[in-house]
Amino acid sequence: MKKHDKKPNNYSSVVESNDVHKPLEDVHVPANSSEESSCEIHNKNEEAAMRDENLEYDYDKLSLVWGKPRQPPLGSKEWSTFLDSEGRVIDSQALRKRIFYGGVEKGLRKEVWRFLLGYHSYDSTCAEREYLASIRKSEYETIKNQWKSITKEQAKRFTKFRERKALIEKDVVRTDRSIPFYDGDDNSNVKCLRDILLTYSFYNFDLGYCQGMSDLLSPILYVMGDEPQSFWCFVALMERLGPNFNRDQNGVHSQLFALSKLVELLDNPLHNYFQQKDCLNYFFCFRWVLIQFKREFDFEKTMRLWEVLWTHYLSEHLHLYVCVAILRRHRSKIIGEEMDFDTLLKFINELSGHINLDATLRDAEALCICAGENGEACIPPGTPPSLPFEITSMYNQQDDDDIL
Amino acid sequence: MGAYRADDDYDYLFKVVLIGDSGVGKSNLLSRFSRNEFSLESKSTIGVEFATRSIHVEDKVVKAQIWDTAGQERYRAITSAYYRGAVGALLVYDVTRHVTFENVERWLKELRDHTDSNIVIMLVGNKADLRHLRAVSTEDAKAFAEKESTFFMETSALESMNVENAFTEVLTQIYRVVSKKALEAGDDPAALPKGQTINVGSKDDVSAVKKVGCCSS
C-alpha cells in the first residue's frame with residue numbers, strides 16, 4: 001500500500017474552506033482533473049478558513065458542493081446514441097460517465113442495469129445478449145429445480161435446507177413491503193424474492209443466505225421484473241458484494257478499515273476525534289456499507305445511488321467517499337456535541353431518510369477527486385466491491401454455521 | 001453527556017440490549033414498548049437499532065436506552081461490540097420455534113462473555129399469543145431461567161401482553177442493583193453528586209448514568 005501521509009490537513013480544510021459567501025457552483029472541476037488542480041482551487045481559501053475556526057461549525061448550513069451539478073437521468077433517446085447498429089456499447093467509459101452524473105430513467109433501468117452489473121458485457125451485440133438470456137434462463141431453472149425437487153420427507157433430514165428456507169421466508173415478508181410492488185397478502189413478487197434467494201443459496205451454497213441479501217435483491221427484481229434475469233443480475237452483484245456476508249465479516253471489515261484511512265486522509269481532525277473517542281472501528285457505518293445505503297434512502301433514491309456507484313466511474317469505492325461525505329456534513333455536530341460511540345451510532349442510525357442524495361454525491365465526487373491516488377492507496381486491494389482475486393476460497397464456511 | 005439528550009428529563013439512564021435469534025420478535029417488542037406499535041412487516045434489523053422510553057421506578061425517572069440487535073449468527077462478531085455498557089438484557093426466544101429456545105444458552109454465553117456479571121438478564125418467551133403453535137413449555141423455560149438465575153416472562157408483542165411488565169421489571173431490577181451499589185458505597189442514591197457514574201460491576205464501562213444537572217456538558 002502506498003503511503004498517504006501527504007499533508008492530511010490540506011485535505012481536511014478543503015471542504016470547510018469552500019467559500020461561505022460565494023457558492024462554488026461555478027468552480028468547475030473537470031472529472032478527469034488531477035488531485036493537485038482540484039485542491040489548488042481551495043487552497044486559496046484555506047488561510048481564511050483557518051483564521052476563523054467557527055467556520056467549521058457552520059459547515060452544515062452551507063451548500064458545500066464543488067462536484068459537478070447533477071444531470072437529468074439518461075433517457076432512451078440518448079441511450080440509443082451510445083449503441084452501434086448491432087447493439088454494442090461504443091464507448092463504455094463515456095456511458096458510465098454519463099450515468100455517474102445523472103443516473104438512468106426509470107423505464108431504461110431494466111436494460112442498462114444489466115450492463116452496469118456486469119450481467120451483459122458492453123461489447124456484446126443484441127443477438128448475443130438474446131442468446132445468452134435464453135441459456136441463462138434454462139440454467140436458472142436447473143438450479144432452481146435442485147431445491148424445488150426436495151420432497152417433504154427429504155427435507156426432514158436436511159436441516160440446513162430447512163433452516164435456510166425458514167430464514168429466507170422470514171426475511172422476504174419484511175422486505176420493502178411498503179412499496180406497492182411488494183405490497184399485500186400472497187404477493188407473487190415476494191414469492192419470487194424467496195425463490196431467487198433460495199436458488200442463490202444453492203448456486204452459492206457456501207455463502208448461503210444472509211440477512212441483508214433480500215435488501216440487495218429487492219430493487220433488482222423490481223427493475224428487472226423477470227425472475228431468471230433478476231437472479232443472474234443478483235449473482236453479478238454478489239460477485240462483488242458477496243464478501244460483505246462472509247462469516248468472518250472480512251468484506252465489511254476491510255471496507256470499514258479503508259473508510260477510517262480515508263477519513264484520516266480527508267478529514268484529519270474528525271479522524272483524531274474518532275480516535276480519541278475510541279470509535280475507529282467505524283461500526284456505526286456498518287449498515288451503510290453492508291447493504292450500500294439501502295436503509296438510508298427511499299427506494300427510488302437507493303436505485304439512483306446504486307446505478308451511480310455501479311458505474312465505477314471515478315472509483316470502484318465511491319460508496320466509501322459517500323460515507324466520508326455524510327460524516328463530514330455532520331462533523332461539527334459530532335464533534336461539537338462530543339458524541340461518544342453510543343451517541344454517534346444512534347445519531348447515524350437516525351440520519352436514515354434525512355440524507356440529501358444529490359448533495360452527498362457531489363461531495364463524494366469532490367472528495368474522491370481531491371484524494372486522488374492517495375485515496376485509492378487507502379483502500380487495500382480486493383476490498384469489496386472490487387472483484388476478488390480468487391473466487392474459489394472466498395466463502396469457506398464452517399459446518400457449524402448459522403443455526404438460524 | 002452530550003447535548004444530544006440534554007432536553008430529556010430523567011434521573012437514570014440505563015442501557016438495555018435485546019438479543020436472541022432472528023425473527024423471534026425483538027424489534028416488535030421494542031416498538032411495542034417504546035411506541036406502542038406492532039408490525040408484521042417490519043424490516044429485519046441490520047446491525048443495531050435504538051429506542052428510548054422513560055418510566056417511573058419508585059420516585060425516580062428511569063430512561064431506558066434499548067438496543068435492538070440483529071439476530072443472525074453471522075453478525076454476532078459485530079453485534080457483540082454493541083453490548084458495551086449494557087446493564088440489562090432481554091434474551092428473547094420464540095415460544096413456537098424450539099430451536100430459538102435451544103440457542104438461548106449460546107446467547108447467554110455471548111452475553112456473559114461481553115458484559116459485566118452484574119447485568120440483569122430476563123429470558124423472554126415471545127409470541128405467546130400463538131397458543132396452538134406452542135413448542136416450548138412455560139415450565140421448561142422457567143426451569144431454565146431458574147438454573148441460570150435469570151428473570152423470566154412470556155410476552156406477546158402482538159397482543160401487547162406482558163411487554164410493559166418485562167421491560168419495567170428489568171429496569172426496576174437494574175435500579176435496585178444501582179441503588180444497592182450506591183448504598184454500599186455509603187451514598188444515599190437520591191443524593192449522589194451530580195454527574196457521578198455509578199458502576200454496577202467491576203468493569204469501568206458497565207455503568208448506569210445518573211442524570212446530571214441541567215447545565216452539565
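**Close-up views of a predicted two-chain model**

**Figure 1. The interface of chain A and chain B in the predicted model.** About 3600 Å² of area is buried between chain A and chain B, and carbon and sulfur atoms give 53% of this area. Chain A brings 38 residues to the contact, and chain B brings 35 residues. The rule finds 6 salt bridges across the interface of the two chains. One pairing with chain B involves D176(A), which forms a salt bridge with K43(B); the closest N and O atoms of this pair are 3.9 Å apart. Between chain A and chain B, 12 residue pairs are in polar contact, with both residues at pLDDT 80 or more. On the side of chain A that touches chain B, the elements giving two or more residues are α9 (159–172), α15 and α19 (341–349). Of the residues on this side, 7 come from α19(A), which is the largest share. By residue class, the side of chain A that touches chain B has 15 nonpolar, 8 polar and 15 charged residues.

**Figure 2. K294(A) and its surroundings.** K294(A) sits in a loop of chain A, with α15 (286–290) on one side in sequence and α16 (299–310) on the other. Its relative accessibility is 3%, so K294(A) counts as buried, the limit being under 20%. The side chains of K294(A) and D176(A) make a polar contact at 2.7 Å. D176(A) is also the residue that forms a salt bridge with K43(B). Apart from its neighbours within four places in sequence, K294(A) is in contact with D176(A), D215(A), P219(A), F299(A), T302(A) and W306(A).

**Figure 3. Q292(A) in the loop between α15 and α16 of chain A.** The relative accessibility of Q292(A) is 4%, and therefore this residue counts as buried. Leaving out residues up to four places away in sequence, Q292(A) touches L216(A), L241(A), R287(A), L305(A), W306(A), L309(A) and H319(A). One of these residues, W306(A), is 14 residues from Q292(A) along the chain, and the C-alpha atoms of the two are separated by 7.5 Å. W306(A) is also among the residues in contact with K294(A).

**Figure 4. Residues 103–313 of chain A, the span of a UniProt feature.** An unreviewed UniProt entry places the feature "domain: Rab-GAP TBC" at these residues. Helix makes up 66% of the span and strand 0%. The C-alpha atoms at the two ends of the span lie 12 Å apart.

**Figure 5. Helix α14 of chain A and the residue D278(A).** Helix α14 covers residues 268–276 of chain A. The buried residues of this helix are N268(A), L270(A), H271(A), Y273(A) and F274(A). Just after α14(A) comes D278(A), which takes a positive phi of about 60 degrees.

**Figure 6. The fold of chain B, with 6 helices and 8 strands.** Read from the N terminus on, the elements of chain B follow the order β-α-β-β-α-β-α-α-β-α-β-α-β-β. Chain B has 217 residues, of which 58% count as buried. Taking the contacts in chain B between residues at least 6 apart in sequence, 71% join residues at least 24 apart.

Terms used
Residues numbered from 1 in each chain as written. Chains lettered and ligands numbered in written order. Predicted model: local features only at pLDDT ≥ 70, side-chain atom pairs only at ≥ 80, totals over all residues. Heavy atoms only, no water. Helix = DSSP H or I, 4+ residues; strand = E, 2+ residues; numbered from the N terminus. Buried < 20%, exposed > 50% of the residue type's maximum accessible area, 1.4 Å probe, protein only. Polar contact = N/O pair within 3.5 Å; in protein donor to acceptor, adjacent residues only side chain to side chain. Contact = heavy atoms within 4.5 Å. Buried area = accessible area lost by both parts, 1.4 Å probe. Salt bridge = Lys/Arg side-chain N within 4 Å of Asp/Glu carboxyl O. Nonpolar A, V, L, I, M, F, W, Y, C, P; charged D, E, K, R; others polar. UniProt positions renumbered as here; feature names shortened; annotations may be inferred.
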